[in-house]
Every structure is written in structure tokens, then in C-alpha cells.
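Colleague: I should like to go through this model with you and ask, for each term, what justifies it. May I begin by asking you to show it?

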Amino acid sequence: MKQFLYKLSLIPALLEENNWTEKENSIVAEHFHSLQQLLKNNTLIMAGRTTNNDPSSFGIVVIQASSEDEAERLMRNDPAVRNGIMTAELFPYQVALYNEEFIVKQTS
């Protein structure tokens, strides 16, 4: 299996919180659920986002796939990308180090 990273960016209009509607919130919920499914399938290595809300903010999704075509398909099928609220860019990637003791504690 090869590793890939895709970088996600919100479309500019959604950088303003008051531009969000129930539709966008629903798409993001579907996006999160999709990532959870990739985790269950041992495809997702990690995912997260920067916590700033300005044009420099972005998210990353690190996955493993058998080919770049498969990784591209997974990225394009991400609900946030498929529904046009985020743009995405794919990169070949390789995890070099990771902390087996690290545990994510969600705060929201």
C-alpha cells in the first residue's frame, strides 16, 4: 500500500461563519462520517484541520491506497469535495515517524 495526503481548503465564501447554512453543516457531517468509515476500513491514517478561520486554514487527510488512481478516487468522493464546499489537492506522502502513545481527546 502507498500513502497519500490530500489537503482540503474551504471555498472562500465559507470562511465567513454567517455564510454557513444547514446544507453546509450537513455536508461536513457527511464528510466526517465518511472519514470515520475510512478509519474503520483501515484506509485512513489520520485527518485533522488547522483551527484558524482565515484564508490560510486547511485540513489534511492521510490515507493508504493501492495506487494514485485509487487515492484520487477517494479524495474526489469525499462529500465536502464532491459537493463543492472544499477544494482538494493530492500528494504522494510517506509517514516517517509517529507516536504510538498519542491519543486524541476530542474537545467538541
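Colleague: What are the helix and strand shares of residues 21-87, and how far apart are the ends of that span?

Modeller: The span is 48% helix and 22% strand, and the C-alpha atoms at its ends lie 18 Å apart. These values come from a predicted model. UniProt lists residues 21-87 as "domain: YCII-related", in an unreviewed entry.

Colleague: Which elements does the protein have, and in what order do they run from the N terminus?

Modeller: The protein has three helices and four strands. From the N terminus on, they run β-α-β-β-α-α-β.

Colleague: Why is the protein's radius of gyration said to agree with that of a compact globule?

Modeller: For 108 residues, a compact globule would have a radius of gyration near 13 Å; the protein has 14 Å, and therefore the two agree. Along its principal axes, the C-alpha trace spans about 40 × 30 × 25 Å. Buried residues account for 26% of the 108 residues. The accessible surface comes to about 7,700 Å², with 51% of it belonging to carbon and sulfur atoms.

Colleague: In what order do the strands stand in the sheet, and what is their pairing?

Modeller: The sheet is open, its four strands stand in the order β2-β3-β1-β4, and the pairing is antiparallel. The edge strands are β2 (44-49) and β4 (86-93), since each of them pairs on one side only. From one strand to the next, the twist averages 20°.

Colleague: How do you know that β3 pairs with β2 and with β1?

Modeller: Two strands count as paired if there are at least two bridges between them. Five bridges join β2 to β3 (residues 59-65), and seven join β1 to β3. Both counts satisfy the cut-off, so β3 is paired with β2 and with β1. Two examples may be located in the structure: Arg 49 stands opposite Gly 59 in β3, and the bridge partner of Gln 3 is Gln 64, also in β3.

Colleague: Through what do the strands of a sheet pair in general?

Modeller: They pair through backbone hydrogen bonds, in either a parallel or an antiparallel manner.

Colleague: Why is β3 described as largely enclosed by the rest of the structure?

Modeller: Five of its seven residues are buried, and β3 is therefore largely enclosed.

Colleague: Which helices pack on the sheet, and which strands do they meet?

Modeller: Helix α1 (residues 22-40) lies across β1 (2-10), β2 and β3, and runs at about 155° to β2. Helix α2 (residues 68-76) packs on the sheet and touches β1, β3 and β4; its direction makes about 155° with that of β4.

Colleague: Is His 31 buried or exposed, and what makes it so?

Modeller: A residue is called buried when its relative accessible area is under 20%. His 31 has 10%, and so it counts as buried. His 31 is found in helix α1. Not counting residues up to four places away in sequence, His 31 touches Leu 8, Asp 78, Pro 79 and Ala 80.

Colleague: What places Leu 8 in one class or the other, buried or exposed?

Modeller: Leu 8, in strand β1, has a relative accessible area of 5%, so it is buried by the same cut-off of under 20%. Leaving aside its neighbours within four places in sequence, Leu 8 is in contact with residues including His 31, Phe 58, Val 61, Val 81 and Met 86.

Colleague: Why are Met 1 and Asn 42 classed as they are, buried or exposed?

Modeller: A residue is exposed when its relative accessible area is over 50%. Met 1 has 69% and Asn 42 has 56%, so both count as exposed. Met 1 has its place in the segment before β1, and Asn 42 lies in the loop between α1 and β2. Although exposed, Met 1 touches Gln 64, Ala 65 and Ser 66, not counting residues up to four places away in sequence.

Colleague: What is notable about the phi of Asn 42?

Modeller: Asn 42 has a positive phi of about 60°, although it is not a glycine.

How values were computed. Residues numbered from 1 in each chain as written. Predicted model: local features only at pLDDT ≥ 70, side-chain atom pairs only at ≥ 80, totals over all residues. Heavy atoms only, no water. Axes fitted to C-alpha atoms, helices over the stretch in contact; angles between N-to-C directions. Contact = heavy atoms within 4.5 Å. UniProt positions renumbered as here; feature names shortened; annotations may be inferred. Rg over C-alpha atoms; globule rule 2.2 N^0.38 Å. Buried < 20%, exposed > 50% of the residue type's maximum accessible area, 1.4 Å probe, protein only. Areas by Shrake-Rupley, 256 points an atom, 1.4 Å probe, with all protein chains shown as cover.
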